[in-house]
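Subject: A structure for you to look at

Hello,

I am passing on a structure that I would like you to open alongside this message. Please keep it in view while you read, and look up each residue as it is named.

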Amino acid sequence: LILQEAMNQSSMEGIVRLIRRVVFYSLAIEAAGLVLFTVRFAVDMPLGQAAYYGLFHSVSLFNNAGFDILGDFRSFTPYVDDPIVNVVSIGLIILGGLGFVVLSDLVDYRKKRRLTLHSKVVLSMSAALIAIGTAVIFIFEYINTLQPLGWDGKIWASLFQSVSARSAGSNTVIVADLRQATQFFIVMLMFIGASPGSAGGGIKTTTFTVLIGAVIAMIRGKEDIVLFKQRLARERIYKALTITMLSLALVIAVTMVLSAIEDRQFIRLLFETVSAFSTAGLDTGLTRQLTDFGKTVIALTMFIGRVGPLTLCLLYTSDAA
């Protein structure tokens with residue numbers, strides 16, 4: 001039952017087979033990332049170090065962890081216009097953020113010739129968010145952080161930040177140097193996050209899609225939410241609204257607490273809070289400057305964000321009952 005809930009499955013059927021695939025996909029994709037990263041890093045460092053860096057970053061990116069060991073909080077900024085590093089990193093982040101259910105569905109597509117509603121929603125919303133995010137970051141940062149770069153560098157940097165913002169936590173431009181408008185837009189991307197059954201955080205792309213569907217249905221005067229010619233059950237709508245409201249309440253509460261105890265710029269406090277909630281890992285450089293109490297609040301926000309506000313509430317109500 002735990003596996004069924006963790007992998008966002010509606011039934012127990014095929015859970016064991018899916019978990020086997022999770023292990024296989026993880027090892028295969030991370031191994032491919034290791035090889036490609038090692039070949040590229042070997043140009044800049046000894047082969048042994050390149051292999052270690054390749055392994056570390058392959059696992060970190062695929063699992064949307066956001067950790068890097070390139071030093072001085074630079075992340076991938078030295079490789080901002082490097083096509084190999086960008087392609088491999090973006091590929092690992094996307095594959096890790098889609099979720100294993102979607103990956104399994106894509107592998108089976110040749111036999112079944114169809115995708116589940118879950119996969120259709122995840123793939124379409126992920127593609128839309130990446131495209132919109134790339135365009136917005138490109139426009140907002142064209143004469144700011146992207147100005148020193150050539151056209152290819154501008155596009156790579158915009159695409160990388162758009163993909164990474166949803167939960168991966170790596171960056172090829174300095175986040176603190178971004179315009180406030182760009183930082184706020186990234187806050188929204190981080191809040192949405194990755195997809196269910198993945199290594200990413202946030203409220204999830206499926207939840208956001210249900211909310212968009214509810215708005216469209218209300219505007220059109222319809223009672224039912226229909227996605228890809230399938231009507232959504234009312235319980236899914238209520239769950240999406242509950243997750244979003246609890247998440248918003250958490251972000252607002254934490255940001256207010258930090259604003260009261262930390263004399264810092266509001267947008268940076270909001271950015272750090274949402275980054276912690278969505279376990280994105282992006283940082284404006286503020287977290288390490290916070291007081292011990294502020295760091296503790298951020299750490300607790302990470303924990304609640306990863307476990308999920310709804311899960312904690314259900315645990316509390318079940319214990320109380």
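What follows covers one pair of helices, then the cavities, then one pocket.

Please bear in mind that this is a predicted model, in which local features need pLDDT of at least 70 and side-chain atom pairs count only at pLDDT 80 or more, while totals for chains, interfaces and linings use all residues. Residues are numbered from 1 along each chain as its sequence is written, and side-chain values use heavy atoms, with hydrogens and water left out.

The pair is helix 2 (residues 15-41) and helix 4 (residues 83-98), which pack at an angle of about 165 degrees with their axes 10 Å apart; helices here are DSSP runs of H or I with at least four residues, numbered from the N terminus. Axes are lines fitted to C-alpha atoms over the stretch in contact, and angles run from 0 to 180 degrees between N-to-C directions. Helix 2 and helix 4 are therefore roughly antiparallel, a term that applies to angles over 145 degrees. In this contact (heavy atoms within 4.5 Å), helix 2 contributes Ile 29, Gly 33, Leu 36, Phe 37, Arg 40 and Phe 41, and helix 4 contributes Ile 84, Val 85, Val 88, Ser 89, Leu 92 and Leu 95. By class, these are nine nonpolar, two polar and one charged residues, where Ala, Val, Leu, Ile, Met, Phe, Trp, Tyr, Cys and Pro count as nonpolar, Asp, Glu, Lys and Arg as charged, and the others, Gly among them, as polar.

Helix 4 appears again in the largest cavity, to whose lining helix 4 gives the most, with four residues. A cavity is a set of points on a 1 Å grid over the protein atoms alone where a 1.4 Å probe fits but cannot get out, and lining residues have an atom within 4 Å of a point. The largest cavity has a volume (the space filled by probe spheres set on the points) of about 100 Å³, and its lining divides into six nonpolar, five polar and one charged residues. The second largest cavity, of about 30 Å³, is lined by Gln 161, Ser 164, Ser 170, Asn 171, Val 175, Ile 186 and Leu 282.

Leu 282 is also among the residues closest to the centre of the second largest pocket, a pocket being an open set with protein on both sides within 12 Å along at least five of seven lines. This pocket has a volume of about 740 Å³, and the largest share of its lining, three residues, comes from helix 12.

Best wishes

Terms used
Helix = DSSP H or I, 4+ residues; strand = E, 2+ residues; numbered from the N terminus. Parallel < 35°, antiparallel > 145°, perpendicular 65-115°, else oblique.
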